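Work through these exercises with the structure open beside you. Try each task before you read its solution.

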Amino acid sequence: MLAFLAGLMCFFALGGGSVAGGQDTKGTRFVCTSIPNDADPSCHLPPIPMQSTSPQEDDLRNTVMQLRETVLQQKETIVNQRETIKELTGKLTRCESASESTTLDAKYNQGSWRKDFSKTNGKDTMGDLPRNPSETIDNIGRTVQSLKDRLENLEQQQMRANMSGAVFPNELRDLLQRRLGDLENQLLNKVSELEDEKSMLYNESLAHRHRTDTALNTLLERITELEKGNSGFKSPEDFKVSLPLRTNYIYGRIKKSLPEMYAFTVCMWLKSSASPGIGTPFSYGVPGQANEIVLIEWGNNAIELLINDKVAQLPLSVSDGRWHHICITWTTRDGLWEAYQDGEKLGSGENLAPWHPIKPGGVIILGQEQDTVGGRFDATQAFVGEMTQFNIWDRVLKAQDIMSMANCSSNMPGNVIPWVDNNVDVFGGATKWALEMCEDRLYDS
């Protein structure tokens, strides 16, 4: 009721003023404001305060956000540094392990050394030397430069924050300075450690290379002496070829090649105790077909005869460390083959590359399987042992002729490839020794 009366009085007052005065109210305005029911309309209400912020508070808020961002970046940097340190530690551990190899290991790792520094295409299972030290040093240098760049980035962020003119609270400023100082010290210490490790790694790599070079030169000199000392035999055929290690660089090579043939007989004496598998006693490769003729025992497989890359398994066993006489015959007519061991025929078959003539002009390798003509050897397929009397005929020999050779009752040199000293070259540590086959076989039995 009181509110109603007060509003009525206000109405009459306004209206009365306008009529009674008769004055122009132009330029005058009236503002109505809602008030509570129990408030006195004659009292002016205080104005509602407007929220405002000062420039210092805005700067402080921006500073806090920058500090948070800086702390997150520092955490990320520390995590990255830990991963980098872990990676470098692993690399240095592998290098230290590799550098502890002995001089004897370096002798037997001659194939790996040649593969690393001569850039050959052959494969070698004798083991590799440590990684190239210059590559490891370059990786460490790039890591150190990355750490330095990160440190400079943090310093630039701090300078931009200082130049913004923001007012840092003392506690936040001190905390930031301490953390930046600790991080800078950690980075400098790590850079110093990496530089020291880089120098140590380089010195160890030089020492390892020097030891390897010395061992390799000694071995090559010894091989040269042995090759010079075994040039004289009682007769041109009384010698054997020794292939002592399973590598991809020890082998013999027949100087003569094969003509085009429609049949052949290959005979030889073998002595091996290597396992698993004696490897490849011989292989004949021609352009376009590296497996023209191959005799191989690889891994736990049986001895295999390959002709034009077609395979037949032979029932032969010669890995007992004794001398064995092996003969294999083949003819292109229906691909018929026979396998003899110590004069006895142990197996035969057909349909092995039928009607395929043996191509001429290839390369005969003793002790290695060829992936390309005359090269690209695989150490896992190398022959380990001794061989002699490797002969090839361009016809199928009779069974009684093979038995006579196995019993040492006759000597039949091959009419295509005879076993003579001046027709056989040896490489990489293979040697030729004097041997009277039949006398040695009698002594061995």
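**Exercise 1: the disulfide**

A search of the whole structure, which is a predicted model, finds one disulfide. Find the cysteines that it joins, and say which strands hold them.

Solution.
- Step 1. Recall the bond: a disulfide is a covalent bond between the sulfur atoms of two cysteines.
- Step 2. Look for the pair. Cysteine 267 is joined to cysteine 327, with an S to S distance of 1.9 Å. The cut-off is 2.5 Å, so the pair counts as a disulfide.
- Step 3. Place the two ends. Cysteine 267 sits in strand E3 (residues 263–271) and cysteine 327 in strand E8 (residues 323–331). They are 60 residues apart, and the pair links distant parts of the chain.
- Step 4. Check the handedness. The angle about the S-S bond is 115°, and the link of cysteine 267 and cysteine 327 is right-handed.
- Step 5. Check the surroundings. Cysteine 267 and cysteine 327 are both buried.

**Exercise 2: the seven-stranded sheet**

Give the strand order of the open sheet of seven strands, and name its edge strands.

Solution.
- Step 1. Recall how sheets form: strands pair through backbone hydrogen bonds, either parallel or antiparallel.
- Step 2. Read off the order. It is E10-E9-E8-E3-E12-E1-E14, with antiparallel pairing.
- Step 3. Find the edges. Strand E10 (344–349) and strand E14 (431–434) each pair on one side only.
- Step 4. Add the turn. Neighbouring strands of this sheet are turned by 25° against each other on average, direction ignored.
- Step 5. Zoom in on one edge. Four bridges join E14 to strand E1 (residues 239–243). Here valine 241 has lysine 432 of E14 as its bridge partner.

**Exercise 3: a strand with two partners**

Which residues stand opposite arginine 253 in E13 and in E11?

Solution.
- Step 1. Take E13. Strand E2 (residues 251–254) and strand E13 (residues 424–427) run antiparallel, joined by four bridges. Aspartate 425 is the bridge partner of arginine 253 there.
- Step 2. Take E11. Three bridges join E2 to strand E11 (residues 363–366), again antiparallel. In E11, isoleucine 365 stands opposite arginine 253.

**Exercise 4: one face of a helix**

Explain why the buried residues of helix H7 line one face.

Solution.
- Step 1. List them. In H7 (residues 399–406), the buried residues are Ile402, Met405 and Ala406.
- Step 2. Look down the axis. The buried residues of H7 fall within an arc of 100°, so they line one face of the helix.
- Step 3. Use the helix rule: an α-helix has 3.6 residues a turn, so residues three or four places apart point the same way.
- Step 4. See what H7 lies across. The strands are E3, E8, E9 (336–341), E10 and E12 (385–393), and H7 runs at about 160° to E8.
- Step 5. Look just past the end. Cysteine 408, just after H7, takes a positive phi of about 60°.

**Exercise 5: aromatic rings**

The structure holds five aromatic pairs. Decide how the rings of phenylalanine 239 and tryptophan 419 are arranged.

Solution.
- Step 1. Take the two values. The ring centres of phenylalanine 239 and tryptophan 419 are 4.5 Å apart, and the planes meet at 15°.
- Step 2. Apply the cut-off. Planes under 30 degrees apart count as stacked, so this pair is stacked.
- Step 3. Locate the rings. Phenylalanine 239 lies in strand E1 and tryptophan 419 in the loop between H7 and E13, so the pair ties together parts 180 residues apart in sequence.
- Step 4. Check burial. Phenylalanine 239 and tryptophan 419 are both buried.

Key:
Residues numbered from 1 in each chain as written. Predicted model: local features only at pLDDT ≥ 70, side-chain atom pairs only at ≥ 80, totals over all residues. Heavy atoms only, no water. Pairing = 2+ DSSP bridges. Helix = DSSP H or I, 4+ residues; strand = E, 2+ residues; numbered from the N terminus. Buried < 20%, exposed > 50% of the residue type's maximum accessible area, 1.4 Å probe, protein only. Arc of directions from axis to C-beta. Axes fitted to C-alpha atoms, helices over the stretch in contact; angles between N-to-C directions. Contact = heavy atoms within 4.5 Å. Phe/Tyr/Trp six-rings, centres within 6.5 Å; stacked < 30°, edge-to-face > 60°.
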